[in-house]
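Got your viewer ready? Keep the selection box handy, and we'll walk from stop to stop together.

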Amino acid sequence: MLRLLHTRAAIFPCCHGNTVVLILSRSQKVIDCHDPFFTVCERSPISVLCVLPDLREIVFVIQSQSNSFHVRQAERRRADLLKQAHSLTEKPPVVLLLHSLSDNEGDWSILPLLPYLSHSFGKNSSWIVFLEEETNVKMNKLVQVLTKFDTNKEWFLGKPLHDEESTIIHHYAFAENPSIFKYPDFAAAWAVSAPLVVRLADKVRNEPLKSDFTIDLKHEVALYIWDNGNGPHLTAVPELCTEPEDSPQTQHCATTLSTEPPPCGEPVNKEDIFVAVKTCRKFHSERVPVIKKTWEKDAFSLEYYSDHADPSIPTIDLGVPNTERGHCGKTFAILQRFLSSSVPNTKWLLVVDDDTLISLSRLQVLLSCYNPSEPVCLGERYGYGLSQGGYSYITGGGGMVFSREAVVRLLNSGCKCYSNDAPDDMVLGMCLNALGLPVTHSPLFHQARPEDYARDFLAHQVPISFHKHWNIDPIAVFNKWLKDDLRAEASDGLNKSAKTEL
C-alpha cells in the first residue's frame, strides 16, 4: 500500500476499505469512490485500480502503563484500532502495548526499545506510530497522511511543540532562541519511518545514551533524533491533532483526543486523602501563607511537617533536622506517621512541598480511576539511568500520591534512606523498583511552573499541580490554572477533557 507511492500513483482509501489509485499519463488525481467524477472515470480511458491497504506496514505502539486502570484503557484503544482496521482490510496492523513488551523498566523512555522494534519490524514495516491511551485515531485518514511520505527516507512526524523561553525541564536548551527547536506532542501521536528506526537502533546499541536523567521524554526523544543536526527535524503534520474528537475543527484530523470519560465513578471523598506538607522554619512566613490562601481549605486532613514546631500554623517537628536538599529522612518519617494512629486512617497519602500549588478537587476526580487496595504510586514520572537498568521515580515537587497499600509495602520492605539529605523521590523510586512496584505517570502533575511548559501542551489539560514560586505570583498562578469557582466544575471539566490525559 505505502510502496505504491514509488510508482507516483495517488491513492485514497474508500469503498469499504478499498483504495482508489488513479494513474494518469502526466499527472495524478485522487478521487473518492462516491465522487460523481468516478462514474465518468468508468467510461473513460483513465486507468483506475482499487486495492486493499496493507495496514501491516504500520506498527502501532500504545504508550501504556502497567497499572490496572491504564491497562484497561490501553486495551480499549487497541480494540478500537483493530476494529477500524478490520473494517478496512483483512490485513490488520500490529498493535503493541508498550508496558507488556519486556520486563525492562526503561521501555517507557522509548530509546531502549528501539533495538527490539528494529529487529522485529524494521524489514517488513514502513512506520512505527506511537500514541497515548487517550489518542483517538481515524485509521483511514492516518493512512492518507502516511502515504504522502517516501518510506525509503528517514521521517520523524508529529504535532510540534516549542518552548516560549528556555526552561529548567529542558536543561535550558536553545537558550538564545528556545522556540527554534520543535518536539512532538505525544497526545497527538507521532511516527518514525522504518529507516530511521533501524539507524537509531544501531546507534542505541553502539553508543551509550548520554543523559542519566529522563525528565521530559518528548523533548529528549526529539533531541536524540535530531542529533545536533545530523538527524531529521520533526516534520509538522497538521492532521495530527489534540482537539477534542467532537470539535468541529477536527474534520481534517487523523488523530484527536477522546472526550468520553473513563468509567471511573464518583470523585473520591476528601476524607480519604491525607495531605502532608514538607516545610522548614525559614519558609513558615513565606510559603505556608500561600498554601493557606489557596488550596489548604480544600483538604480535610492536612499536616505541616517542619524542623520547628510552630503552633500558629501549626507545624509538627518530626525530629528530623532540616536539610538544604533531599529531605529523605523527613519523607520516610511522614510515611511512618501515615501508618500510625497519630493521623486519620485514610486510603491515600499526598506528599507535597511547601511551594507546590495543587487542586485537591481535581485530584479527587483523578483518584477515582485507581484502586487504593493496589500499591499505587502516582505523579509526574522521571527516570534515572533507564538505559542501564535504572529506575523510575515520582518527582516530588509536583506531588507524590501513594495508596495505603503502597506505603505498607514500602515500609515492610525495610527500604530506608542512606542519609537524611538523600533525594527522597529518587530513593523511593529505587525502593519501588526493587519491590517490582510500578510508578504510574500522570501528565497533570507538573514539577515546574506553567511557563516552563509549551503553551499548546497545557492547552489540552486541566492540570492538577505546578511547583516553584520563582519569579511568579503563586496566588495568581493558582487562581489562573488550578482554582475552580465551584467544586463541581473540577469534576465536570476533568471528565470532559483532562481525564483523557490520565
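Select Leu349 and Phe402 to begin: Leu349 stands opposite Phe402, which belongs to strand S24. Keep in mind as you look around that this is a predicted model.

Now widen the selection to strand S19, residues 348–353, and to S24, residues 400–403. S19 and S24 run antiparallel and are joined by four bridges. On another pairing of S19 you'll find strand S16, residues 273–278, and this time the sense is parallel, with six bridges. To see one of those bridges, pick Ile273 and its partner in S19, Trp348.

How many of the residues of S19 are buried? Six of its six, so the strand is mostly covered. Turn on the side chains and you can sort them by direction: Trp348, Leu350 and Val352 point one way, while Leu349, Val351 and Asp353 point the other way. Both sets are buried.

**Zoom out for a moment**

Show the whole protein chain as a cartoon. You're looking at 14 helices and 26 strands. The chain has 502 residues, and 57% of them count as buried. Among contacts with a separation of 6 or more, 73% are between residues 24 or more positions apart.

**Next stop: Leu410**

Select helix H10, residues 404–412, and pick out Leu410 within it. Is Leu410 buried or exposed? Its relative accessibility is 1%, so it counts as buried. Leaving aside residues up to four places away in sequence, Leu410 touches Phe402, Cys415, Leu428, Cys431, Leu432 and Leu435. You've met Phe402 already, opposite Leu349. For a distance to check, try Leu410 to Pro375: they are 35 residues apart along the chain, and their C-alpha atoms are separated by 9.3 Å.

**On to helix H11**

Several of those neighbours of Leu410 lead us here, so select residues 424–435, which make up helix H11. With 12 residues at 1.5 Å each, the helix should span 16 Å, and its end C-alpha atoms are 17 Å apart, so the two agree. Colour the buried residues of H11 and you should light up Asp424, Asp425, Met426, Val427, Leu428, Gly429, Cys431 and Leu432. Step just past the helix to Gly436, which takes a positive phi of about 75 degrees.

**The sheet beside H11**

Add strands S12, S22 and S23 to the view. They form an open sheet of three strands in the order S12-S22-S23, with antiparallel pairing. Which are the edge strands? They are S12 (213–214) and S23, each of which pairs on one side only. Two bridges hold the antiparallel pairing of S12 and S22, and you can find Thr214 opposite Gly383 of S22. H11 packs on this sheet, touching S12, S22 and S23, and its direction makes about 130 degrees with that of S23.

**Hunting for rings**

A search of the whole structure turns up 18 aromatic pairs. One of them is Phe149 with Trp155, an edge-to-face pair 4.8 Å centre to centre, with 65 degrees between the planes. Phe149 counts as buried at 12% relative accessibility, whereas Trp155, with a relative accessible area of 22%, is partly exposed.

Next, select Tyr382 and Tyr393. Their ring centres are 6.0 Å apart and their planes are at 75 degrees, so this pair is edge-to-face. Tyr382 lies in strand S22 (residues 381–384) and Tyr393 in strand S23 (residues 391–394), so the pair ties together parts that are 11 residues apart in sequence. Both Tyr382 and Tyr393 are buried. Now add Phe213, Tyr384 and Tyr391, and you have one aromatic cluster together with Tyr382 and Tyr393.

While you're looking at rings, visit two with a charge over them. The charged end of Lys203 sits over the ring of Tyr224, 4.2 Å from its centre. Over the ring of Phe283 it's the charged end of Arg287, 3.5 Å from the ring's centre.

**Last stop: Asn471**

Finally, select Asn471, in the loop between strand S26 (465–467) and helix H13 (474–481). Is Asn471 buried or exposed? At 79% relative accessibility, it counts as exposed. Draw a C-alpha to C-alpha distance from Asn471 to Arg449: the two are 22 residues apart in sequence and 9.7 Å apart in space.

Conventions
Residues are numbered from 1 along each chain as its sequence is written. This is a predicted model: local features need pLDDT of at least 70, side-chain atom pairs count only at pLDDT 80 or more; totals for chains, interfaces and linings use all residues. Side-chain values use heavy atoms; hydrogens and water are left out. Rings of Phe, Tyr and Trp (its six-membered ring) pair if their centres lie within 6.5 Å; planes under 30 degrees apart count as stacked, over 60 as edge-to-face and the rest as tilted. Buried means under 20% relative accessible area, exposed over 50%, partly exposed in between (1.4 Å probe, protein chains only). A charge sits over a ring if NZ of Lys or CZ of Arg is within 6 Å of the ring centre and within 35 degrees of the ring normal. The expected span of a helix is 1.5 Å times one less than its number of residues. Two strands pair if DSSP finds at least two bridges between them. Contact means heavy atoms within 4.5 Å. Axes are lines fitted to C-alpha atoms, for helices over the stretch in contact, and angles run from 0 to 180 degrees between N-to-C directions.
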